[in-house]
Amino acid sequence: MIRFGLRLAVAGGREALTRLIVIAAAVAIGSGLLLTTLAGVNAVNAQLTRYASVYPNASTGGDADSLWWSTREDYFHGKQIIRIDVAPTGPDAPTPTGVPSTPGPGEYYASPALRKLLAAHPADQLADRYPGRDIGTVGPAGLTSPDTMLVIRGGTPDEVATLPSARQLTTVGDTPALPETTVNLILSVIAGGLLFPLLIFVGTATRLNAARREQRFAAMRLVGATPKQISVVAAVEATTAAVVGTAVGFGLFYAFRGPMAGIPFTGMPFFPSDMSLGVLDALLVALGVPAGAAVAAQVSLRRVRISPLGVTRRVTPRAPRAYRLIPILLGVAVLFFAIGFRPPTSDGQAAVFLPGLLLIMAGLILAGPWLTMVGARVMARFANRPATLIAARRLADNPKAGFRAISGIMLALFVTSVAVGVITTIVANRGPAPVGSTEAGQVSLYLPEDAPAPPDSLFTDLRSITGVRSAFAVRENPDRMSASEPGLIACAEIPSAYGRCAEGATVAEVATGLIPFRESASSTRVWPAASVPLGDLQQLPVMSIVVDTDGSAATIERSRTMLEAALPAFQVAPNVPGDFESEFANTLRGWEQLANVIIIASLALGGCSLAVSVIGGLTERRRPFSLLRLSGAPARVLRRVVALESAVPMLAVAAVAIGMGLLAAHLFLRAQMGYTLIAPEPRFYVIVVVGLAACLGVIASTLPLLERITGPETARSE
């Protein structure tokens, strides 16, 4: 029977060969994307794991030689530079990952991206921050991405031990940067957004022309074939196409792996080696896809197994009921409840929010057929053309079939709408200072409590930089318990753009950087008077150094470089308001970009699934369509019927999924952060619209097949 099944699949005439090629092509696309998804998960995991080589945990090994290590963040034009200072205590101390040997005092390694930056800008803007001799390049093993800017500087143990966050290491890179459970949870959510529509697509492809095959298998039953023999033939046919398609999918993956690695799906490109497949991944696809195709073939024969004539007894399925909306309503109610009652712990919050979101997701899938049926009935009620009425009646008769191919689109759009809505709102509330604002031109260096006093010449040198308006020190307030602000400054030194002193005051209590936390600079702000006399102010320790500039990038970076060179033991790099916020926003935008990728891929898969469903539906209904054409129905009417049957559920599902996603995001933000949802940027809607239009284009590309298979010869009885 296996040989007979192969003959039917390969040598069963033009129809069988065409079906084999179409299924194989569909499986090739699906398996190729599935391999890319699995490789992408591995690549993201590799990026997260390599953070361990940049932010290692302290480790001890008895009397073994150790490596002093300090990791700090620096910035240049708003981009983060990771600065690592190291010093071995003996010859057996570990070596930083990605370099051949530990740099000695006055030596450093730089990443390829940082080396390009150093060569492209004057030394007084960047290179002077890292004095010494450049001895090589940091390799990929020590970088999270090809775009990572990293410098590893050598020093003496006494120097590095006094730096902020200094620790001793006997091993480097052995501890993950994030807990494994956290990484697996993040990656599972990301992969789930793509795997679900992928599996739907592969399953739809393997069931192509299922009704036609059912009739043929029923005829075989009538001439004496046993159910077991029919099962073997069906499994062989489906598995043959799936094996061919899976092999082609592997070829597509390896052909495009390099270009795919360079796409910054998470905001950072991958190394090509990151886009790798484990043995388990390869076996999962190589064996799982053909096995899934065989299972799908077996499921499609459930009616043939009942009776050889079972496929002729077709009845209208039972209509979905409104109770399918209950999970959605329960999920929304849970999120509304969380607004008034938010547990204090993160575990408690997860126990509230996660079930609510899962209920909505499950409810969308469960309610999809009911929503499709309601939409079809509304369309039928207002139909004024034959094509609209026929399409609406067919959808209303079997809404499950109409919804099945687009269920992946609904789930993906909901998940990504929640993610994009939350990320957009957080970025808008916690993003960087606007370009051109007063605070965007301020450079502040916060000194540790035990830091040495800055030299007096530093302020003179800072003021000599072109574009610097003023440079001054904010000193510690000795009366912190009763003071309204933590720092003190002479009233004469306060720039007018940052406010003024109270009437008659000579020393004012001010914020550390003259900008209160989560506020903006204001020329109308009145700083309260301090009780410290002006003559005693210079005796107090310096808390921070503030440089007010014209906001030009060159002036800001020259000021920052001068501060770092004069005070190398800083805990936080000289800060421009918005540096940290910009990096935080860029990280969130990276995940937002990944969400957009999921939207695009899901819509593309949904379009392919719809195309396969349309082709299958056309081949299964070619005789009824031929009879309609013989009775006088124009081909354009039939094309409208097919287009409406596919397009209406997809557009309705997209609107419901996006609306529910943004509602869930708003409720989450209100409950968790007190924010009001800010609508996603226009590019989100552009991506959705373009993706849906592409799906419609894919569907339209299948319509010319209608005229070819509904000729008069098809209408005759077999």
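This passage describes a predicted model of a protein chain, beginning with the chain as a whole and then turning to its helix contacts and to several individual residues.

The secondary structure of the protein chain comprises 22 helices and 13 strands. Of its 718 residues, 49% count as buried. When contacts between residues at least 6 apart in sequence are considered, 80% of them join residues that are at least 24 apart.

Helix α20, which spans residues 635-672, takes part in several helix contacts, among them one with helix α10, formed by residues 326-340. The axes of α10 and α20 come within 7 Å and cross at roughly 25°, an angle that makes α10 roughly parallel to α20, because angles under 35 degrees are classed in this way. The crossing of these two helices is left-handed. On the side of α10 the contact involves Ile 328, Val 332, Leu 335, Phe 336, Ala 338 and Ile 339, and these meet Met 660, Leu 663, Ala 664, Leu 667, Arg 670 and Ala 671 of α20. Sorted by character, the residues of this contact comprise 11 nonpolar, no polar and 1 charged.

The loop that runs between α10 and α11, the latter formed by residues 346-381, contains Phe 341. With a relative accessibility of 46%, Phe 341 counts as partly exposed, because this value lies between the limits of 20% for buried and 50% for exposed residues. Although Phe 341 and Ala 671 are 330 residues apart along the chain, their C-alpha atoms are separated by 8.0 Å. Ala 671 is also one of the α20 residues in the contact with α10.

Another residue that meets part of α20 is Phe 414, which is placed in helix α14, residues 407-430. Phe 414 has a relative accessibility of 1% and therefore counts as buried, the limit being under 20%. Residues up to four places away in sequence being left aside, Phe 414 touches Leu 357, Ile 360, Met 361, Leu 364, Ala 657, Met 660, Gly 661 and Ala 664. For one of these partners, Met 660, the separation from Phe 414 is 246 residues in sequence and 6.7 Å in space, taken from C-alpha to C-alpha. Met 660 and Ala 664 are also among the residues of α20 that meet α10.

A further contact of α20 is made with helix α12, residues 386-397, where the two axes come within 8 Å and cross at roughly 45°. This angle makes α12 oblique to α20, and the crossing is right-handed. The residues contributed by α12 are Pro 386, Ala 387, Thr 388, Ile 390, Ala 391, Arg 394 and Leu 395, while those contributed by α20 are Val 637, Arg 640, Val 641, Leu 644, Glu 645 and Pro 649. Together, the residues of this contact divide into 9 nonpolar, 1 polar and 3 charged.

Helix α19, residues 622-630, also contacts α20, and here the axes come within 10 Å and cross at roughly 145°. The crossing of α19 and α20 is right-handed. Phe 625, Leu 628 and Arg 629 of α19 make this contact with Ala 635, Leu 638 and Val 642 of α20, a set of residues that divides into 5 nonpolar, no polar and 1 charged.

Elsewhere in the chain, helix α3, residues 112-120, has Ala 113, Leu 114, Leu 117 and Leu 118 as its buried residues. Seen down the axis of α3, these buried residues fall within an arc of 135°, so they line one face of the helix. An α-helix has 3.6 residues a turn, so residues three or four places apart point the same way. The face of α3 turned away from the buried side carries the exposed residues Lys 116, Ala 119 and Ala 120. The buried residues of α3 pack against four strands, namely β1 (67-76), β2 (79-88), β3 (107-110) and β5 (150-154).

Finally, the backbone of Ser 165 deserves a remark, since most residues other than glycine have a negative phi. In Ser 165, phi is near 60°, a positive value in a residue other than glycine. Ser 165 is found in the loop between α4 (157-161) and β6 (167-169), and its relative accessible area of 46% makes Ser 165 partly exposed.

Notes. Residues are numbered from 1 along each chain as its sequence is written. This is a predicted model: local features need pLDDT of at least 70, side-chain atom pairs count only at pLDDT 80 or more; totals for chains, interfaces and linings use all residues. Side-chain values use heavy atoms; hydrogens and water are left out. Axes are lines fitted to C-alpha atoms, for helices over the stretch in contact, and angles run from 0 to 180 degrees between N-to-C directions. Angles under 35 degrees count as roughly parallel, over 145 as roughly antiparallel, 65 to 115 as roughly perpendicular and the rest as oblique. A crossing is left-handed if the near helix is turned anticlockwise from the far one by less than a right angle, and right-handed if clockwise. Contact means heavy atoms within 4.5 Å. Ala, Val, Leu, Ile, Met, Phe, Trp, Tyr, Cys and Pro count as nonpolar, Asp, Glu, Lys and Arg as charged, and the others, Gly among them, as polar. Buried means under 20% relative accessible area, exposed over 50%, partly exposed in between (1.4 Å probe, protein chains only). The arc is that of the directions from the helix axis to the C-beta atoms.
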